[in-house]
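Biologist: Please take a close look at the pocket lining in this model, and trace the elements that form it into the parts of the fold around them. I should like a connected account rather than a list.

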Amino acid sequence: MANDGGRASGHRFDPTILREYDVRGTVDKTLFEADARALGRAFAVCIAQAGGKSCAVGRDGRLSSPALERELVQGLSESGIDVVRIGLGPTPMLYFAAYTLGVDAGVMVTGSHNPPDQNGFKLVLQKRSFYGSDIQRLGEIAAKAAFRTGDGKVSDVEVLEKYVERLASDYDGKRPLTVVWDAGNGATGEALVRVTKKVPGKHILLNETIDGRFPAHHPDPTEAKNLEQLQAGVKQHRADLGIAFDGDGDRIGVVDAQGRILWGDQLMTVLAADVIRVQPRATIIADVKASQVLFDEIARVGGTPLMWRTGHSIIKSKMAEIGAPLAGEMSGHIFYADRYYGYDDALYAGIRLIGILGRSASSLADMRDRLPAVVNTPELRFPCEESRKFSVVTEVRDRLKKAGAEMTDIDGVRVRTKDGWWLLRASNTQAVLVARAEGRDDAALDRLKRALAGELAASGVQPPKF
Ligand SMILES: [Zn+2]
(Lines give C-alpha, C1' and ligand atoms only; values in the text may rest on other atoms or scores of the structure.)
Protein backbone atom coordinates (compact mmCIF):
# COMPACT_ATOMS: atom_id res chain seq x y z
CA MET A 1 0.00 0.00 0.00
CA ALA A 2 1.09 3.55 -0.68
CA ASN A 3 -0.23 4.63 2.69
CA ASP A 4 2.51 6.70 4.28
CA GLY A 5 0.44 8.56 6.86
CA GLY A 6 -0.10 11.37 4.38
CA ARG A 7 3.06 13.28 5.28
CA ALA A 8 5.02 14.02 2.14
CA SER A 9 2.68 12.97 -0.67
CA GLY A 10 -1.09 12.78 -0.74
CA HIS A 11 -2.99 10.08 1.09
CA ARG A 12 -5.66 8.11 -0.72
CA PHE A 13 -8.48 6.50 1.24
CA ASP A 14 -10.17 3.47 -0.24
CA PRO A 15 -13.12 5.23 -1.94
CA THR A 16 -15.66 2.91 -0.28
CA ILE A 17 -14.86 4.11 3.25
CA LEU A 18 -15.87 7.77 2.80
CA ARG A 19 -19.59 7.23 3.25
CA GLU A 20 -22.65 9.46 3.57
CA TYR A 21 -22.86 9.62 7.37
CA ASP A 22 -19.52 8.29 8.57
CA VAL A 23 -16.18 6.80 7.61
CA ARG A 24 -16.26 3.02 7.78
CA GLY A 25 -14.42 0.00 6.39
CA THR A 26 -13.06 -3.48 7.00
CA VAL A 27 -9.92 -3.35 9.12
CA ASP A 28 -6.72 -4.16 7.16
CA LYS A 29 -8.73 -4.63 3.93
CA THR A 30 -10.17 -1.18 3.22
CA LEU A 31 -9.39 0.65 6.47
CA PHE A 32 -5.84 0.95 7.82
CA GLU A 33 -4.11 2.64 10.74
CA ALA A 34 -2.56 5.11 8.27
CA ASP A 35 -6.10 6.15 7.32
CA ALA A 36 -6.82 7.07 10.94
CA ARG A 37 -3.79 9.35 11.01
CA ALA A 38 -4.63 10.95 7.66
CA LEU A 39 -8.22 11.41 8.80
CA GLY A 40 -6.95 13.21 11.91
CA ARG A 41 -4.77 15.47 9.75
CA ALA A 42 -7.57 16.24 7.27
CA PHE A 43 -10.19 16.83 9.97
CA ALA A 44 -7.71 19.14 11.75
CA VAL A 45 -7.81 21.38 8.66
CA CYS A 46 -11.63 21.50 8.81
CA ILE A 47 -11.58 22.29 12.55
CA ALA A 48 -9.06 25.11 12.04
CA GLN A 49 -10.98 26.52 9.05
CA ALA A 50 -14.08 26.68 11.25
CA GLY A 51 -12.08 28.72 13.76
CA GLY A 52 -11.59 25.84 16.22
CA LYS A 53 -8.54 24.37 17.87
CA SER A 54 -9.64 21.42 20.04
CA CYS A 55 -11.24 18.01 19.58
CA ALA A 56 -12.56 15.27 21.90
CA VAL A 57 -11.80 11.67 20.87
CA GLY A 58 -13.54 8.52 22.13
CA ARG A 59 -13.50 4.87 21.12
CA ASP A 60 -15.70 1.79 21.27
CA GLY A 61 -14.71 -1.68 22.48
CA ARG A 62 -13.56 -3.19 19.19
CA LEU A 63 -10.17 -4.88 19.21
CA SER A 64 -8.93 -2.53 16.48
CA SER A 65 -10.15 0.66 18.18
CA PRO A 66 -7.14 1.43 20.44
CA ALA A 67 -4.70 1.48 17.51
CA LEU A 68 -7.00 3.54 15.29
CA GLU A 69 -7.59 5.97 18.17
CA ARG A 70 -3.84 6.34 18.77
CA GLU A 71 -3.17 7.20 15.11
CA LEU A 72 -6.15 9.56 14.94
CA VAL A 73 -4.90 11.43 18.03
CA GLN A 74 -1.43 11.61 16.46
CA GLY A 75 -2.84 13.06 13.22
CA LEU A 76 -4.88 15.69 15.04
CA SER A 77 -2.14 16.79 17.45
CA GLU A 78 0.64 16.97 14.85
CA SER A 79 -1.70 19.31 12.95
CA GLY A 80 -1.93 21.69 15.89
CA ILE A 81 -5.25 20.55 17.39
CA ASP A 82 -5.50 20.07 21.16
CA VAL A 83 -6.94 16.61 21.80
CA VAL A 84 -9.06 15.58 24.78
CA ARG A 85 -9.09 11.79 25.02
CA ILE A 86 -12.19 10.46 26.80
CA GLY A 87 -11.43 6.75 26.33
CA LEU A 88 -13.78 3.79 26.04
CA GLY A 89 -17.54 4.39 25.97
CA PRO A 90 -20.62 4.71 23.76
CA THR A 91 -20.91 7.20 20.87
CA PRO A 92 -23.37 9.42 22.79
CA MET A 93 -20.74 9.82 25.53
CA LEU A 94 -18.48 11.35 22.86
CA TYR A 95 -21.34 13.63 21.80
CA PHE A 96 -21.82 14.53 25.48
CA ALA A 97 -18.12 15.44 25.68
CA ALA A 98 -18.38 17.51 22.50
CA TYR A 99 -21.32 19.45 24.01
CA THR A 100 -20.01 19.93 27.55
CA LEU A 101 -16.19 20.02 27.57
CA GLY A 102 -15.87 23.28 25.65
CA VAL A 103 -14.16 21.60 22.69
CA ASP A 104 -14.72 22.55 19.04
CA ALA A 105 -15.13 19.07 17.59
CA GLY A 106 -15.38 15.36 18.35
CA VAL A 107 -14.44 12.07 16.70
CA MET A 108 -15.70 8.66 17.79
CA VAL A 109 -13.77 5.58 16.72
CA THR A 110 -16.55 3.04 16.20
CA GLY A 111 -17.89 0.39 13.87
CA SER A 112 -21.36 0.91 15.39
CA HIS A 113 -23.54 -2.22 14.98
CA ASN A 114 -21.39 -3.82 12.27
CA PRO A 115 -19.39 -7.08 12.45
CA PRO A 116 -16.23 -7.18 14.60
CA ASP A 117 -13.84 -6.86 11.63
CA GLN A 118 -15.26 -3.45 10.68
CA ASN A 119 -14.46 -0.11 12.22
CA GLY A 120 -14.74 3.58 11.44
CA PHE A 121 -15.33 7.13 12.63
CA LYS A 122 -18.27 9.40 13.42
CA LEU A 123 -17.51 13.11 13.44
CA VAL A 124 -19.04 16.28 14.86
CA LEU A 125 -17.87 19.85 14.29
CA GLN A 126 -19.17 22.70 16.43
CA LYS A 127 -22.02 20.56 17.77
CA ARG A 128 -23.22 19.69 14.29
CA SER A 129 -23.06 16.39 12.38
CA PHE A 130 -20.22 16.30 9.91
CA TYR A 131 -21.53 14.33 6.92
CA GLY A 132 -22.19 14.15 3.17
CA SER A 133 -19.96 16.58 1.28
CA ASP A 134 -18.01 17.34 4.50
CA ILE A 135 -16.78 13.74 4.54
CA GLN A 136 -15.89 13.87 0.83
CA ARG A 137 -13.83 16.97 1.60
CA LEU A 138 -11.69 14.97 4.02
CA GLY A 139 -10.72 12.78 1.07
CA GLU A 140 -9.84 15.82 -1.06
CA ILE A 141 -7.69 17.43 1.65
CA ALA A 142 -5.85 14.13 2.21
CA ALA A 143 -5.31 13.49 -1.52
CA LYS A 144 -3.68 16.91 -1.92
CA ALA A 145 -1.81 16.58 1.38
CA ALA A 146 -3.15 20.07 2.12
CA PHE A 147 -2.35 19.52 5.79
CA ARG A 148 -1.25 21.96 8.46
CA THR A 149 1.45 21.42 11.05
CA GLY A 150 1.52 22.26 14.71
CA ASP A 151 1.96 20.82 18.14
CA GLY A 152 -1.37 20.23 19.87
CA LYS A 153 -1.62 19.21 23.52
CA VAL A 154 -3.01 15.76 24.31
CA SER A 155 -4.85 15.25 27.61
CA ASP A 156 -6.95 12.48 29.15
CA VAL A 157 -10.27 13.46 30.70
CA GLU A 158 -12.62 11.23 32.69
CA VAL A 159 -16.13 11.92 31.42
CA LEU A 160 -17.94 8.60 31.99
CA GLU A 161 -19.09 9.40 35.54
CA LYS A 162 -20.36 12.88 34.59
CA TYR A 163 -22.16 11.40 31.60
CA VAL A 164 -23.82 8.71 33.71
CA GLU A 165 -24.87 11.25 36.34
CA ARG A 166 -26.41 13.40 33.63
CA LEU A 167 -28.40 10.41 32.32
CA ALA A 168 -29.63 9.39 35.77
CA SER A 169 -30.59 12.96 36.73
CA ASP A 170 -33.39 12.92 34.13
CA TYR A 171 -35.05 9.80 35.49
CA ASP A 172 -38.51 10.96 36.57
CA GLY A 173 -40.40 7.75 37.40
CA LYS A 174 -42.40 7.29 40.58
CA ARG A 175 -42.82 3.52 40.58
CA PRO A 176 -39.77 1.26 40.45
CA LEU A 177 -39.83 -1.16 37.51
CA THR A 178 -38.10 -4.43 36.73
CA VAL A 179 -36.02 -3.90 33.59
CA VAL A 180 -33.81 -6.32 31.64
CA TRP A 181 -31.05 -4.54 29.70
CA ASP A 182 -28.92 -6.08 26.94
CA ALA A 183 -25.71 -4.22 26.11
CA GLY A 184 -24.75 -6.89 23.54
CA ASN A 185 -21.10 -6.67 24.75
CA GLY A 186 -20.99 -3.27 23.07
CA ALA A 187 -19.52 0.01 24.24
CA THR A 188 -22.48 0.86 26.50
CA GLY A 189 -21.57 -1.87 29.04
CA GLU A 190 -19.75 0.14 31.73
CA ALA A 191 -22.06 3.17 31.42
CA LEU A 192 -25.04 0.82 31.78
CA VAL A 193 -23.60 -0.82 34.92
CA ARG A 194 -23.14 2.60 36.49
CA VAL A 195 -26.41 4.23 35.45
CA THR A 196 -28.58 1.32 36.60
CA LYS A 197 -27.01 1.64 40.08
CA LYS A 198 -28.29 5.23 40.22
CA VAL A 199 -31.84 4.66 38.97
CA PRO A 200 -34.52 3.03 41.21
CA GLY A 201 -35.91 -0.37 40.26
CA LYS A 202 -34.68 -3.90 39.72
CA HIS A 203 -32.20 -4.00 36.85
CA ILE A 204 -31.03 -7.24 35.26
CA LEU A 205 -28.04 -6.77 32.95
CA LEU A 206 -27.16 -9.04 30.02
CA ASN A 207 -23.86 -8.99 28.12
CA GLU A 208 -22.63 -5.91 29.95
CA THR A 209 -18.98 -6.91 29.63
CA ILE A 210 -17.47 -4.94 26.75
CA ASP A 211 -16.04 -7.45 24.26
CA GLY A 212 -15.30 -6.38 20.69
CA ARG A 213 -15.81 -9.93 19.42
CA PHE A 214 -19.53 -9.77 20.37
CA PRO A 215 -19.68 -13.38 21.64
CA ALA A 216 -23.39 -13.41 22.66
CA HIS A 217 -25.03 -12.04 19.52
CA HIS A 218 -24.66 -9.29 16.99
CA PRO A 219 -25.23 -5.89 18.68
CA ASP A 220 -27.94 -4.71 16.28
CA PRO A 221 -31.41 -4.43 17.86
CA THR A 222 -33.18 -3.77 14.54
CA GLU A 223 -32.89 -7.49 13.76
CA ALA A 224 -35.41 -9.61 15.66
CA LYS A 225 -32.97 -12.50 16.14
CA ASN A 226 -30.65 -10.23 18.14
CA LEU A 227 -33.46 -9.59 20.64
CA GLU A 228 -34.20 -13.26 21.45
CA GLN A 229 -31.98 -13.30 24.54
CA LEU A 230 -33.64 -10.11 25.80
CA GLN A 231 -37.13 -11.54 25.18
CA ALA A 232 -36.23 -14.68 27.14
CA GLY A 233 -34.77 -12.55 29.96
CA VAL A 234 -37.94 -10.45 30.22
CA LYS A 235 -40.09 -13.58 30.52
CA GLN A 236 -37.76 -15.29 32.98
CA HIS A 237 -37.64 -12.30 35.34
CA ARG A 238 -41.30 -11.29 34.75
CA ALA A 239 -39.91 -7.86 33.90
CA ASP A 240 -41.91 -4.79 32.90
CA LEU A 241 -39.83 -4.39 29.76
CA GLY A 242 -36.49 -5.08 28.09
CA ILE A 243 -34.09 -2.59 26.51
CA ALA A 244 -31.21 -3.36 24.13
CA PHE A 245 -28.53 -1.21 22.53
CA ASP A 246 -26.53 -1.40 19.35
CA GLY A 247 -22.74 -1.74 19.50
CA ASP A 248 -22.08 1.96 20.16
CA GLY A 249 -25.26 2.95 22.00
CA ASP A 250 -26.86 5.35 19.55
CA ARG A 251 -29.72 2.97 18.67
CA ILE A 252 -32.25 1.34 20.97
CA GLY A 253 -34.40 -1.81 20.83
CA VAL A 254 -37.35 -2.37 23.18
CA VAL A 255 -39.57 -5.35 24.10
CA ASP A 256 -42.69 -5.23 26.27
CA ALA A 257 -43.55 -7.50 29.23
CA GLN A 258 -44.96 -10.12 26.83
CA GLY A 259 -41.68 -10.17 24.95
CA ARG A 260 -43.11 -8.39 21.90
CA ILE A 261 -40.75 -6.06 20.04
CA LEU A 262 -41.69 -2.37 19.79
CA TRP A 263 -40.09 -1.07 16.60
CA GLY A 264 -38.72 2.47 16.47
CA ASP A 265 -41.98 4.06 15.29
CA GLN A 266 -44.07 2.24 17.93
CA LEU A 267 -41.67 3.31 20.67
CA MET A 268 -41.88 6.89 19.39
CA THR A 269 -45.65 7.00 20.00
CA VAL A 270 -44.95 6.55 23.72
CA LEU A 271 -42.03 9.00 23.90
CA ALA A 272 -43.78 11.64 21.77
CA ALA A 273 -46.96 11.71 23.88
CA ASP A 274 -44.87 12.42 26.99
CA VAL A 275 -43.03 15.36 25.37
CA ILE A 276 -46.23 16.82 23.87
CA ARG A 277 -47.92 16.68 27.29
CA VAL A 278 -45.33 19.22 28.51
CA GLN A 279 -44.90 21.06 25.18
CA PRO A 280 -48.28 21.16 23.44
CA ARG A 281 -48.16 21.57 19.64
CA ALA A 282 -44.45 20.68 19.61
CA THR A 283 -43.09 19.47 16.28
CA ILE A 284 -42.02 15.83 16.48
CA ILE A 285 -39.92 14.48 13.59
CA ALA A 286 -39.95 10.92 12.25
CA ASP A 287 -38.42 9.50 9.09
CA VAL A 288 -40.27 8.46 5.93
CA LYS A 289 -40.10 4.79 6.88
CA ALA A 290 -42.27 5.33 9.97
CA SER A 291 -45.83 4.06 10.24
CA GLN A 292 -48.74 6.40 9.51
CA VAL A 293 -49.90 5.36 12.99
CA LEU A 294 -47.05 7.41 14.50
CA PHE A 295 -47.84 10.59 12.54
CA ASP A 296 -51.57 10.24 13.33
CA GLU A 297 -50.82 9.57 17.00
CA ILE A 298 -48.60 12.68 17.32
CA ALA A 299 -51.44 14.79 15.87
CA ARG A 300 -54.07 13.07 18.03
CA VAL A 301 -52.30 13.96 21.29
CA GLY A 302 -51.87 17.59 20.20
CA GLY A 303 -48.42 17.64 18.59
CA THR A 304 -47.29 18.61 15.09
CA PRO A 305 -45.91 15.63 13.14
CA LEU A 306 -43.16 16.22 10.60
CA MET A 307 -42.07 13.51 8.17
CA TRP A 308 -38.43 13.93 7.18
CA ARG A 309 -35.67 12.19 5.22
CA THR A 310 -34.03 9.06 6.64
CA GLY A 311 -30.49 9.32 8.06
CA HIS A 312 -29.39 10.15 11.60
CA SER A 313 -27.24 13.12 10.55
CA ILE A 314 -30.03 14.55 8.38
CA ILE A 315 -32.63 14.19 11.14
CA LYS A 316 -30.29 15.80 13.72
CA SER A 317 -29.69 18.77 11.42
CA LYS A 318 -33.40 19.27 10.75
CA MET A 319 -34.16 19.05 14.44
CA ALA A 320 -31.63 21.76 15.28
CA GLU A 321 -32.89 23.93 12.39
CA ILE A 322 -36.52 23.98 13.54
CA GLY A 323 -36.00 23.52 17.28
CA ALA A 324 -37.97 20.25 17.54
CA PRO A 325 -37.82 18.69 21.02
CA LEU A 326 -37.89 15.05 19.86
CA ALA A 327 -37.16 13.02 16.74
CA GLY A 328 -36.87 9.33 15.98
CA GLU A 329 -36.12 6.86 13.24
CA MET A 330 -37.38 3.36 12.49
CA SER A 331 -33.76 2.27 12.90
CA GLY A 332 -33.91 3.06 16.64
CA HIS A 333 -32.00 6.37 16.61
CA ILE A 334 -33.93 8.54 19.12
CA PHE A 335 -33.01 12.21 19.51
CA TYR A 336 -34.10 14.16 22.60
CA ALA A 337 -33.68 17.94 22.69
CA ASP A 338 -36.35 18.16 25.41
CA ARG A 339 -34.21 18.54 28.59
CA TYR A 340 -31.22 17.17 26.62
CA TYR A 341 -28.83 18.05 23.77
CA GLY A 342 -30.61 16.86 20.62
CA TYR A 343 -28.32 14.00 19.64
CA ASP A 344 -29.13 10.29 19.41
CA ASP A 345 -28.49 8.67 22.77
CA ALA A 346 -30.10 5.27 23.32
CA LEU A 347 -29.18 5.16 27.03
CA TYR A 348 -30.89 8.50 27.55
CA ALA A 349 -33.96 7.32 25.60
CA GLY A 350 -34.03 4.20 27.81
CA ILE A 351 -33.95 6.28 31.02
CA ARG A 352 -36.75 8.54 29.73
CA LEU A 353 -38.81 5.49 28.75
CA ILE A 354 -38.61 3.87 32.18
CA GLY A 355 -39.42 7.28 33.69
CA ILE A 356 -42.59 7.49 31.59
CA LEU A 357 -43.64 3.95 32.49
CA GLY A 358 -42.78 4.58 36.15
CA ARG A 359 -45.26 7.48 36.18
CA SER A 360 -48.01 5.71 34.26
CA ALA A 361 -50.80 3.42 35.41
CA SER A 362 -50.56 1.66 32.01
CA SER A 363 -47.90 -0.84 31.05
CA LEU A 364 -45.89 -0.61 27.85
CA ALA A 365 -47.90 -3.59 26.55
CA ASP A 366 -51.16 -1.68 27.21
CA MET A 367 -49.84 1.36 25.38
CA ARG A 368 -48.85 -0.79 22.43
CA ASP A 369 -52.22 -2.55 22.33
CA ARG A 370 -54.04 0.79 22.23
CA LEU A 371 -52.49 1.70 18.89
CA PRO A 372 -54.68 1.13 15.82
CA ALA A 373 -53.99 -2.27 14.27
CA VAL A 374 -52.23 -2.14 10.90
CA VAL A 375 -50.28 -4.72 8.95
CA ASN A 376 -46.97 -3.75 7.44
CA THR A 377 -43.91 -5.18 5.81
CA PRO A 378 -40.52 -4.82 7.44
CA GLU A 379 -38.03 -2.63 5.65
CA LEU A 380 -37.38 -4.44 2.34
CA ARG A 381 -33.94 -3.92 0.82
CA PHE A 382 -33.16 -5.25 -2.65
CA PRO A 383 -30.27 -4.76 -5.04
CA CYS A 384 -30.37 -2.15 -7.81
CA GLU A 385 -27.44 -0.86 -9.84
CA GLU A 386 -25.83 2.23 -8.31
CA SER A 387 -26.26 4.05 -11.63
CA ARG A 388 -29.99 3.24 -11.75
CA LYS A 389 -31.16 3.47 -8.14
CA PHE A 390 -31.98 7.20 -8.10
CA SER A 391 -33.39 7.28 -11.64
CA VAL A 392 -35.78 4.39 -10.91
CA VAL A 393 -37.22 6.38 -8.01
CA THR A 394 -37.49 9.51 -10.19
CA GLU A 395 -39.32 7.56 -12.93
CA VAL A 396 -41.77 6.11 -10.44
CA ARG A 397 -42.34 9.55 -8.93
CA ASP A 398 -42.95 11.17 -12.33
CA ARG A 399 -45.44 8.51 -13.41
CA LEU A 400 -47.34 8.82 -10.12
CA LYS A 401 -47.36 12.59 -10.29
CA LYS A 402 -48.86 12.43 -13.78
CA ALA A 403 -51.49 10.01 -12.49
CA GLY A 404 -52.39 12.44 -9.70
CA ALA A 405 -51.42 10.15 -6.82
CA GLU A 406 -51.36 11.48 -3.25
CA MET A 407 -47.70 11.34 -2.36
CA THR A 408 -44.73 12.98 -0.72
CA ASP A 409 -41.30 12.99 -2.38
CA ILE A 410 -39.20 14.34 0.48
CA ASP A 411 -37.07 11.15 0.36
CA GLY A 412 -37.95 8.79 -2.48
CA VAL A 413 -41.71 8.43 -2.96
CA ARG A 414 -44.24 7.69 -0.26
CA VAL A 415 -47.69 7.10 -1.76
CA ARG A 416 -50.91 7.23 0.21
CA THR A 417 -54.11 5.47 -0.87
CA LYS A 418 -57.28 4.52 0.95
CA ASP A 419 -55.63 1.17 1.71
CA GLY A 420 -52.57 2.66 3.45
CA TRP A 421 -49.19 3.67 2.04
CA TRP A 422 -46.07 2.40 0.36
CA LEU A 423 -42.56 3.80 0.18
CA LEU A 424 -39.77 3.45 -2.36
CA ARG A 425 -36.42 5.14 -1.84
CA ALA A 426 -32.79 4.71 -2.86
CA SER A 427 -30.28 3.92 -0.11
CA ASN A 428 -27.69 6.68 0.35
CA THR A 429 -25.04 4.19 1.35
CA GLN A 430 -25.52 1.04 -0.79
CA ALA A 431 -26.57 -0.07 -4.30
CA VAL A 432 -29.95 -0.88 -2.89
CA LEU A 433 -33.58 0.21 -3.17
CA VAL A 434 -35.60 0.30 0.03
CA ALA A 435 -39.35 -0.31 0.18
CA ARG A 436 -41.99 -0.61 2.84
CA ALA A 437 -45.78 -0.88 2.79
CA GLU A 438 -48.49 -0.65 5.41
CA GLY A 439 -52.20 -1.39 5.06
CA ARG A 440 -55.24 -1.41 7.29
CA ASP A 441 -55.66 -5.17 6.74
CA ASP A 442 -54.08 -8.04 4.80
CA ALA A 443 -56.13 -7.48 1.65
CA ALA A 444 -55.22 -3.78 1.65
CA LEU A 445 -51.54 -4.61 2.13
CA ASP A 446 -51.68 -7.02 -0.81
CA ARG A 447 -53.08 -4.31 -3.09
CA LEU A 448 -50.35 -1.89 -1.96
CA LYS A 449 -47.61 -4.47 -2.61
CA ARG A 450 -49.02 -5.15 -6.07
CA ALA A 451 -49.03 -1.42 -6.87
CA LEU A 452 -45.42 -1.13 -5.74
CA ALA A 453 -44.37 -4.23 -7.69
CA GLY A 454 -46.12 -2.84 -10.78
CA GLU A 455 -44.18 0.43 -10.58
CA LEU A 456 -40.88 -1.41 -10.15
CA ALA A 457 -41.64 -3.67 -13.13
CA ALA A 458 -42.51 -0.61 -15.25
CA SER A 459 -38.97 0.65 -14.59
CA GLY A 460 -37.42 -2.74 -15.33
CA VAL A 461 -36.62 -3.68 -11.73
CA GLN A 462 -37.29 -7.15 -10.39
CA PRO A 463 -39.64 -6.60 -7.42
CA PRO A 464 -38.57 -8.06 -4.05
CA LYS A 465 -40.28 -11.11 -2.58
CA PHE A 466 -42.76 -9.71 -0.06
ZN1 LIG B 1 -24.74 2.82 16.34
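**The largest pocket and its surroundings**

Modeller: Sorted by class, the lining of the largest pocket comprises 13 nonpolar, 19 polar and 17 charged residues. The model under discussion is a predicted one. The space in this largest pocket amounts to about 1,400 Å³. Its lining has 49 residues, and the closest to the pocket centre are Thr222, Lys289, Ser331, Glu379 and Arg381. Two or more lining residues are supplied by each of α8, α9 (292-300), α12 (364-370) and β22 (432-439).

Three of these element names return in the second largest pocket, whose volume is about 370 Å³. Lined by 16 residues, this pocket has Thr269, Val270, Ala273, Met367 and Arg370 closest to its centre. Here α8, α9 and α12 are the elements that give two or more residues to the lining. Helix α8 provides the largest share of that lining, five residues. The class composition of the second largest pocket is seven nonpolar, three polar and six charged residues.

Helix α8 can be followed further, to an enclosed space. The whole structure holds four cavities of 30 Å³ or more. The largest cavity contains about 70 Å³ of space; of its 14 lining residues, Ile252, Gly253, Leu262, Trp263 and Gly264 are the closest to the centre. At least two lining residues come from each of β11 (252-256), β12 (261-262) and α8 (264-278), and β11 gives the most, with three. The lining of this cavity has nine nonpolar and five polar residues, and no charged ones. In the largest pocket, by contrast, 17 lining residues are charged.

The two strands beside that cavity belong to an open sheet. Five strands make up this sheet in the order β9-β8-β10-β11-β12, and their pairing is mixed. Strands β9 (202-206) and β12 are its edges, each pairing on one side only. Strands β11 and β12 are antiparallel and joined by two bridges. Val254 has Leu262 of β12 as its bridge partner, and Leu262 is also among the residues closest to the centre of the largest cavity.

Val254 leads on to the nonpolar interior. Which residues have the most contacts inside the largest nonpolar core? They are Leu241, Tyr336 and Leu353, in a core of 67 residues. Helix α11 (residues 346-357) brings the largest share of this core, nine residues. Beyond its neighbours within four places in sequence, Leu353 touches Leu241, Ile243, Val254, Leu267, Val270, Leu271 and Leu364. One of these contacts, Val270, is also among the residues closest to the centre of the second largest pocket. A further core lies apart from the one described; it has 34 residues, including Val23, Ile47, Leu72 and Val107. In soluble globular proteins, nonpolar side chains tend to be buried together.

Helix α11 also takes part in covering another helix. Which residues of helix α6 (residues 189-198) are buried? Gly189, Ala191, Leu192, Val193, Val195 and Thr196 are. The cover over these buried residues of α6 includes α5 (160-169), β8 (178-182), β9, β10 (241-245) and α11. Three of the strands named in that cover, β8, β9 and β10, are members of the five-stranded open sheet.

A separate strand pair may be set beside this region. Why is strand β13 (residues 283-287) largely enclosed by the rest of the structure? The reason is that four of its five residues are buried. Strand β13 runs parallel to β14 (residues 304-308), with five bridges between them. Ile284 is bridged to Pro305 in β14.

The second largest cavity completes the account of the enclosed spaces, with a volume of about 50 Å³. It is lined by Tyr21, Tyr95, Lys122, Leu123, Val124, Ser129, Phe130, His312, Ser313 and Lys316. Strand β5 (118-125) and helix α10 (312-322) are the elements that give two or more residues to this lining. Its classes are five nonpolar, three polar and two charged residues, whereas the lining of the largest cavity has no charged residues.

Notes:
Residues numbered from 1 in each chain as written. Predicted model: local features only at pLDDT ≥ 70, side-chain atom pairs only at ≥ 80, totals over all residues. Heavy atoms only, no water. 1 Å grid on protein atoms, 1.4 Å probe; cavity = no way out; pocket = protein on both sides within 12 Å on 5 of 7 lines; lining within 4 Å. Points joined across faces, edges and corners; volume = space filled by probe spheres on them. Nonpolar A, V, L, I, M, F, W, Y, C, P; charged D, E, K, R; others polar. Core = buried A, V, L, I, M, F, W, Y, C linked by side-chain atoms within 4.5 Å. Buried < 20%, exposed > 50% of the residue type's maximum accessible area, 1.4 Å probe, protein only. Contact = heavy atoms within 4.5 Å. Pairing = 2+ DSSP bridges.
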